[in-house]
Amino acid sequence: MSDRPDRTTVATELAATAPTAAASATATAAGAAAAATAGPRLLAGSPIAAEIRAGLVTDFAAFKERWGYVPTLAIVLVGADAPSAVYLQQILRTCEKVGVQGRLVEIGSDATADALCNEIERLNADPAVAGIIVQMPLPAGIPLRTVIDSIDPAKDIDGIHPRNAGLLSLGYDGFLPATAQASVEILKRSGIEIAGKRVVVVGRSNVVGKPAALLLLREHGTVSLLHSKTRDLGRHTRDAEILVVAAGKAGLITGAMLSPGVVVVDVGINVVPDGQGAERLVGDVDFESAKGVVSAITPVPGGVGPLTNALLLTHLLRAATDQAERGAAASAGGAPAAKGASR
Ligand code: NAP
């Protein structure tokens, strides 16, 4: 099991948020095909994300009015590469749209773990910075755990710090990994009942599959968690009334592995050749064979992806508000603001 989203993830998160022309065409074609055959309901993430962003514009304006400053999201990029750079520009644009200050902190790929942790410590101590994201994967040689541990849990808005992961596993409120949250939120906001359902999650990474399974359990699903060592995957996936797939393997789940009427959340984003010399995005579910079996499915792109950034910025709002309130309480009481006191 890998703890690290790969470079493909980075590139394709961008595409899920801002589809390429080819990808849009694919999604449109998928939508048209479904409509033509009276196919499944497509659970689109983009309209939900737009609704969340519209609320954030108002909320961040109210924050500025109340506290007199615009909170900053710091994005730490270690070693620039093209897909990350493009993806990060997208996050920065989203920040701008909702009235948040985005700050890209670029660190050379030859940086040591100490240098990276020192930079994170500086951001932890900067009162203007409400949230910190460290772009993954890190260069080989920089231990992930050391870096994760150095982020102030109160600013860990993508829920990767052990404190936030622990809070999630205990059922308390911490910062949630945004993609896992998006995969559950898309079900809830589409009016799909989770409680009591047989829910199967494929993939157990710390950033997507495992937290998604915990969140689905929190929603009272009866949850099974599958992974690369699971024997006879289809035997388990055919049992699902709700199937969440986050494996990063194009076409892993075919229609023959699904029960009629299942609801599918396809978190996977894979870049594959389109057969005409270009590339297109596909999920982990083979849409063509699945569409006649499922009752509802998230499209790729345009499903879970667009929700992720919007939810991340809701976390930033919460972090900024908590920090501002703690700072005000500390000033009033003369005590220093507590570090790492996220809810
Ligand atoms: P990851 O760290 O590589 O984890 C993949 C998981 O899938 C692992 O737990 C692995 O099992 C399991 N797996 C791999 N092959 C399998 C197989 N043949 N059968 C059953 N399980 C299998 O990936 P990740 O970071 O969780 O990302 C998963 C997918 O979500 C990727 O496609 C990524 O691009 C996408 N993603 C999307 C978004 C978004 O916003 N939509 C955001 C992040 C990631 P083991 O643990 O046994 O190795």
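**Note on the three-stranded sheet and helix α5**

1. Leu73 stands opposite Gly131 in β4. Strands here are DSSP runs of E, at least two residues long, and helices are runs of H or I, at least four; both are numbered from the N terminus. This is a predicted model: local features need pLDDT of at least 70, side-chain atom pairs count only at pLDDT 80 or more, and totals for chains, interfaces and linings use all residues. Residues are numbered from 1 along each chain as its sequence is written.

2. β2 and β4 run parallel, joined by five bridges. Two strands pair if DSSP finds at least two bridges between them. The open sheet has three strands in the order β3-β2-β4, with parallel pairing. β3 and β4 are the edge strands, each with a single partner, so one side of each has no neighbour in the sheet.

3. Now helix α5. This helix covers residues 113-125, 13 in number. Its buried residues are Leu116, Glu119, Ile120, Leu123 and Asn124. Buried means 20 or more other C-beta atoms within 10 Å of a residue's own; exposed means 12 or fewer; partly exposed lies in between; C-beta atoms are placed from the backbone. Seen down the axis, the buried residues of α5 fall within an arc of 150 degrees (taken from the directions from the helix axis to the C-beta atoms), so they line one face.

4. The face of α5 turned away from the buried side carries exposed Asp114, Asn118, Arg122 and Ala125.

5. What do the buried residues of α5 pack against? They pack against β2, β3, β4 and α6. Contact means C-beta atoms, placed from the backbone, within 7 Å.

Note on methods:
The expected span of a helix is 1.5 Å times one less than its number of residues. Two residues are in contact if their C-beta atoms, placed from the backbone, lie within 7 Å.
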